[in-house]
Amino acid sequence: RLVEPGVARGGFRLVVREGSAYRFVLPPGRRVDVLEFDLAIARARGARVSGDVASTEDALREAIEWHRGDLFADEGPASWLEEPRERRRRQAVDAVATIAAACLERGELDEAAEMCAEGLHIDRYHDPSWRMLITIRERAGDTGSARRARDGYGRVLTELGVTAEP
């Protein structure tokens, strides 16, 4: 009744009973961000295996567009969500890092930096994103931004109780 207010018992169309279980039925043309994210990640994996670099990047970009943050973030630290939440977070960060590395390789420094920032927004402890962001800023000759990135990275390492490498 909460999902479909005003609908009589047995007339529900979005949540339907099938035996002893329930099934969520999307109206035609509707899409679910989590499912679309998973499908894009699967397409990226398939494209990577076949060696199709352009399709891999396209699928990863699509996955990032569908990523809306942590899975059921409002549910807090529910144990049943830990694994799927962490897996999707890791997949999103890896997708962003892969695109950032490709942009860096092509010399697209601004976009590479934006991707690193996106990755750090998803997981501020992602070490490769910090390192890549510092490299990008240094390569661009932006000493102020490079210093801010190094300082941010240093704060994260301190927070984690890790000593920075020389």
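Two aromatic rings of Phe, Tyr or Trp count as a pair if their centres lie within 6.5 Å, the six-membered ring being used for Trp. The structure treated in these exercises is a predicted model.

**Exercise 1. The aromatic pairs**

Determine how many aromatic pairs the structure holds, and classify the one formed by F72 and W80.

Solution.
Step 1. The structure holds two aromatic pairs. One of them joins F72 and W80, with 6.0 Å from centre to centre and 45° between the planes.
Step 2. A pair of rings is described by the distance of the centres and the angle of the planes. The centre distance of 6.0 Å for F72 and W80 is to be set against the limit of 6.5 Å.
Step 3. Planes under 30 degrees apart count as stacked and those over 60 as edge-to-face, the rest being tilted. The pair of F72 and W80, at 45°, is therefore tilted.
Step 4. As to surroundings, F72 and W80 are both exposed.

**Exercise 2. The hairpin**

State in which sense strand 1 and strand 2 pair, and describe the turn between them.

Solution.
Step 1. Strand 1 covers residues 15–18 and strand 2 covers residues 21–24; four bridges join them in the antiparallel sense.
Step 2. Within this pairing, V16 has R23 of strand 2 opposite.
Step 3. Two residues lie between the strands, which form a hairpin. In the turn, G19 has a positive phi of about 65°.

**Exercise 3. The span of helix 2**

Check whether the distance between the end C-alpha atoms of helix 2 agrees with the expected span, and find what the buried residues of this helix pack against.

Solution.
Step 1. Helix 2 runs over residues 53–66, which makes 14 residues.
Step 2. The expected span is 1.5 Å times one less than the number of residues. For helix 2 this gives 20 Å.
Step 3. The end C-alpha atoms of helix 2 are 20 Å apart, in agreement with the expected value.
Step 4. The buried residues of helix 2 are T56, E57, A59, L60, A63, I64 and W66. They pack against helix 1 (33–49), helix 3 (79–106) and helix 4 (109–122).
Step 5. A pair of residues from helix 1 and helix 2 may be added. A42 has its place in helix 1, and its C-alpha atom is separated by 8.4 Å from that of A59, one of the buried residues of helix 2. Along the chain, A42 and A59 are 17 residues apart. A42 counts as partly exposed, at 38% relative accessibility.

**Exercise 4. Two residues of helix 3**

Decide whether Q91 and R88 are buried or exposed, and list the residues that each contacts.

Solution.
Step 1. Q91 lies in helix 3, as does R88.
Step 2. Buried means under 20% relative accessible area. Q91, at 17%, is therefore buried, and R88, at 13%, is buried as well.
Step 3. Neighbours within four places in sequence are left aside. On this basis Q91 is in contact with F37, D38, I41 and R45, while R88 touches V34, F37, D38, H67 and L71.
Step 4. F37 and D38 thus appear in the contacts of Q91 and in those of R88.

**Exercise 5. Salt bridges**

State how many salt bridges a search of the whole structure finds. Then explain what the bridge between R88 and D38 ties together.

Solution.
Step 1. The search finds 13 salt bridges.
Step 2. One of these is formed by the side chains of R88 and D38, at 2.7 Å from N to O. Since R88 lies in helix 3 and D38 in helix 1, the pair ties together parts that are 50 residues apart in sequence. R88 is buried, whereas D38 is partly exposed, with a relative accessible area of 25%.
Step 3. Another bridge joins R87 and E83, whose closest N and O atoms are 2.9 Å apart. These two residues stand four places apart in helix 3, so about one helical turn separates them. R87 is partly exposed at 26%, and E83 is partly exposed at 47%.
Step 4. In R131 and D127 the closest N and O atoms of the bridge are 2.5 Å apart. Both belong to helix 5 (residues 127–139), where they are four residues, or about one helical turn, apart. R131 is partly exposed at 36%, and D127 is partly exposed at 26%.
Step 5. Salt bridges with shared partners also join E57, R61, R106, E108 and E111 into one network.

Conventions:
Residues are numbered from 1 along each chain as its sequence is written. This is a predicted model: local features need pLDDT of at least 70, side-chain atom pairs count only at pLDDT 80 or more; totals for chains, interfaces and linings use all residues. Side-chain values use heavy atoms; hydrogens and water are left out. Buried means under 20% relative accessible area, exposed over 50%, partly exposed in between (1.4 Å probe, protein chains only). Contact means heavy atoms within 4.5 Å. Two strands pair if DSSP finds at least two bridges between them. A salt bridge is a side-chain nitrogen of Lys or Arg within 4 Å of a carboxyl oxygen of Asp or Glu.
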